[in-house]
Amino acid sequence: MMHTLTLHLGILRAALRHIFASPLAGALNIAVIGIALSLPAGMYTLLQNVQSTVDKISGTPQISLFMEMNVRTGDVDVLRKQLDQNLAIAGIEFVPRDRALEQLKHSTGLADVIAGLEKNPLPDAFIVHPKSGEARELEALRAELAKLPGVEQAQLDSAWAYKLEALLKFGRVAVLILAGLLSIALVAITFNTIRLQIITQREEIEVAKLIGATDSFIRRPFLYFGATQGLLGGIAAYLIVTAGLLLLNSPLAALAQLYASDFTLRPLSPGDSTTLLLFSMYLGWMGAWLSVARHLSRIEPR
Amino acid sequence: MISFNQVNKRYPGGYQALKNVSFNIAEGEMVFLTGHSGAGKSTLLKLVAAIERPNSGSVLVNNQNVGVLKGRALPYLRRNLGIIFQDHKLLFDRSVFDNVMLPLQICGFDHRESVKRVRAALDKVGLLDREKSHPIALSGGEQQRLCIARAIVNRPAILLADEPTGNLDADYARKIIAILKSFHQVGATLLISTHDSNVLSDTGVRVLALQHGELQPAPTGAVPT
């Protein structure tokens, strides 16, 4: 067991030596793989960030019913009863105009502006929690509620979130396509690197075959090389994405402050990072395997 | 140990390298294979190592028909053979020591045991003090000895040598043959191709003579055993 491990470690060391035997070529290969992978990985990270922000803000969809400014308490009670009887509604919440103003003061940092107002510009409002989350039903309910007496305006709060969700779906598909194409490119890069290696080590392969090396013995260093190069490329991609996010974060923080938010881009999660590394390692391995399968059988000693 | 039965070998293009060759080499026997250049000596050795396949007839090595051996089984046949190549086939990107180490690495030998064996093999051919050199720094004769060390480090039962004394002066050639003979003395089966008359004058060694691909019944200048 220990003995087998030592043998494999020896092959791995040789693979690393091969990569760094020509440091520039090795580094360029790793950089190409890293850049190729960082594009989809970076886009994915941005999408994840937008997604989690959307999730946080939108939560479950709700409809805001703004009352007319001159509405009386009795009218509010009538409306409340009507809403309670509506089967499409799961629950309601009444927000009196005074409380709405208080909330606005606390949540947005516009306290100075609000303090300067002569009178409360906000109407009484109901927040309606619909039973359904489906976009079309929500829109139908909103239209129905807008016609109720005393209602000035009915607003579907998360309409924008649905539109964004659709946009994100589009983005995810685009990332998948990009990732697929660049994966093929990565396999091709490794395929070619290994092909060149096989050509330069032709003599060694011939001699090894002549003195009894099995195909798997000859194949192994190339596979290890491909996997190692893929892994290093994955690490490069991770570093590129992380550095990119760090660079984006400081101008973004300035921007977010203008909107009184503390939004920052979060880096790749540990799970996603591991997936990235394993995936790039696998692609390297596959490129090497394809190349070896194609080129090694052609080398027969004479 | 090695047995040819009516072996024919024709290369693509129609050149007939071996015609109806039959012979037997017993276990532990040492045999010279001789003939003019192009007589088929190299082809015969390649058939033993399954580097080439016969067109007809059978080549038995250790009672195994190597002519029909599957590709996957080849490595295990070759691990039982020590081959000394005419062109040495040394690897110039590594040291003398690592060249001899290669067959043991291929067989997956334990590292410490391997180091001992490599040193023993280098000692046997007189290259122990050159283990850190690169083959490029060795003379032709030293390269030949290095090739021998690599062939024997695995302690194979059969040694094949293709013109081991080619391009060497008579004195050096005698040394090489003496080294090879020492393996014969410890029980290895040897098949050595040569057209060196000095080597062939060595008495008491059976000689197989090839002429235009055919085995000659009565070789000259040697005593059959």
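Is Tyr224(A) buried or exposed at 17% relative accessibility? In this predicted model, Tyr224(A) counts as buried because its relative accessibility is 17%, where buried means under 20% relative accessible area, exposed means over 50%, and partly exposed lies in between, with a 1.4 Å probe and protein chains only. The model is a predicted one, in which local features need pLDDT of at least 70 and side-chain atom pairs count only at pLDDT 80 or more, while totals for chains, interfaces and linings use all residues. Residues are numbered from 1 along each chain as its sequence is written, chains are lettered from A and ligands numbered from 1 in the order in which they are written, and side-chain values use heavy atoms, with hydrogens and water left out.

**Aromatic pairs**

Over all chains, a search of the whole structure finds 3 aromatic pairs, a pair being rings of Phe, Tyr or Trp (its six-membered ring) with centres within 6.5 Å, called stacked if the planes are under 30 degrees apart, edge-to-face if over 60 and tilted for the rest. One of them joins Tyr224(A) and Trp285(A), whose ring centres are 6.4 Å apart and whose planes stand at 40 degrees, so the pair is tilted. Because Tyr224(A) lies in helix α9 (residues 215-258) and Trp285(A) in helix α10 (residues 270-295) of chain A, the pair ties together parts that are 61 residues apart in sequence; helices (H or I, at least four residues) and strands (E, at least two) are DSSP runs, numbered from the N terminus. Trp285(A), at 34% relative accessibility, counts as partly exposed.

In chain B, the rings of Phe4(B) and Phe23(B) have centres 4.7 Å apart and planes at 15 degrees, so this pair is stacked. The pair links distant parts of the chain, with Phe4(B) in strand β1 (residues 2-10) and Phe23(B) in strand β2 (residues 16-25), 19 residues apart. Phe4(B) counts as buried at 2% relative accessibility, and Phe23(B) counts as buried at 6%.

**Positive phi values**

Most residues other than glycine have a negative phi. The two strands of chain B each contain a residue that is listed here with a positive value.

| Residue | Phi | Element | Relative accessible area |
|---|---|---|---|
| Gln6(B) | about 45 degrees | strand β1 of chain B | 47%, partly exposed |
| Asn20(B) | near 50 degrees | strand β2 of chain B | 48%, partly exposed |

In chain A, Gly212(A) takes a positive phi of about 95 degrees just after α8(A).

**Helix α8 of chain A**

Within helix α8 (residues 202-210), the buried residues include Ile205(A), Val207(A), Ala208(A) and Leu210(A), together with the charged Glu206(A) and Lys209(A). Glu204(A), which is also placed in helix α8, is partly exposed, with a relative accessible area of 22%. Glu204(A) and Ile218(A) are 14 residues apart in sequence, and their C-alpha atoms are 9.5 Å apart in space.

**Surface patches of chain A**

A nonpolar surface patch is formed by Leu5(A), Leu9(A), Leu12(A), Leu16(A) and Phe20(A), which together have about 420 Å² of accessible area. Patches consist of residues with over 30% relative accessible area and no salt bridge, like charges being joined within 9 Å and nonpolar side chains (Val, Leu, Ile, Met, Phe, Trp, Tyr) within 5 Å; a salt bridge is a side-chain nitrogen of Lys or Arg within 4 Å of a carboxyl oxygen of Asp or Glu. Leu16(A) is in helix α1 (residues 2-21) and counts as partly exposed at 32% relative accessibility.

Glu68(A), Asp75(A), Asp77(A) and Glu152(A) form a negative surface patch. Asp77(A) is found in helix α3 (residues 73-85) and, at 39% relative accessibility, counts as partly exposed.

Note on methods:
Areas by Shrake-Rupley, 256 points an atom, 1.4 Å probe, with all protein chains shown as cover. Charge placed at Lys NZ, Arg CZ, Asp CG, Glu CD.
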